[in-house]
Amino acid sequence: MNIIEKSESIRAGLCKGFQDGTSKMAQRKCYGYDVGSGGELVVNPDEAAIVRWIFERYLDGGSLGKITAGIEEQGIPSPTGRSKWNREAISKLIANEKYTGRVLLQKTISAGGAQIKNDGFMERYLYSNSHEAIISDEMFKAAQREKIRRTNYPDKAIATPKLFW
């Protein structure tokens, strides 16, 4: 099997897992969750409180910088264990649907060795009730609307996230 055939075989296996719900990617750990003994996502109560705090501060008008500073003042380590958080980590956290108990797979795709956002190039797969939610759908949707409101794009429609439920 040559390298191209091997790559296609791997891609086909990943897509099959996405389609039939067996992909281990759905249970990939993120801040606020631990992985249980059966491989499932389990809420980490301490981290979940920080996730809720981040969403609340953002919806109360806090900037990414102010939220970052507030977390650092509390002495809470970043998801990677560092003493400092960054704005990008906060922005990604706010955009992550996993906190609603859902998982969206194939948000990005590999193209020419680089990861790019999948804006309809390939099918995406949404699993609902995949694990316990940390925040409500309403809070998540409000945060996404707030992100759009704060964007610097003149035409905010181009920044509109696709909410899948």
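This passage looks at helix α5, its packing against α2, and a residue in the loop before α5.

The model is predicted, so local features need pLDDT of at least 70 and side-chain atom pairs count only at pLDDT 80 or more, while totals for chains, interfaces and linings use all residues. Residues are numbered from 1 along each chain as its sequence is written, and side-chain values use heavy atoms, with hydrogens and water left out.

Helices here are DSSP runs of H or I with at least four residues, strands are E runs of at least two, and both are numbered from the N terminus. Helix α5 covers residues 137-150 and helix α2 residues 45-59; their axes come within 10 Å and cross at roughly 45°. Axes are lines fitted to C-alpha atoms, for helices over the stretch in contact, with angles from 0 to 180 degrees between N-to-C directions. On the α2 side, F55, E56, Y58 and L59 make the contact (heavy atoms within 4.5 Å). Their partners on α5 are M139, F140, A142, A143, E146, K147 and R150.

Within α5, the buried residues (under 20% relative accessible area, 1.4 Å probe, protein chains only) are M139, F140, A143, Q144, E146 and I148. These pack against α2 and also against α4 (87-95).

Between β6 (125-127) and α5 runs a loop that holds A133. With 35% relative accessibility, A133 counts as partly exposed (between the buried limit of 20% and the exposed limit of 50%). Leaving aside neighbours within four places in sequence, A133 touches Y33, Y99, T100 and G101. E97 sits 36 residues from A133 in sequence, yet the two are 9.5 Å apart in space, C-alpha to C-alpha.
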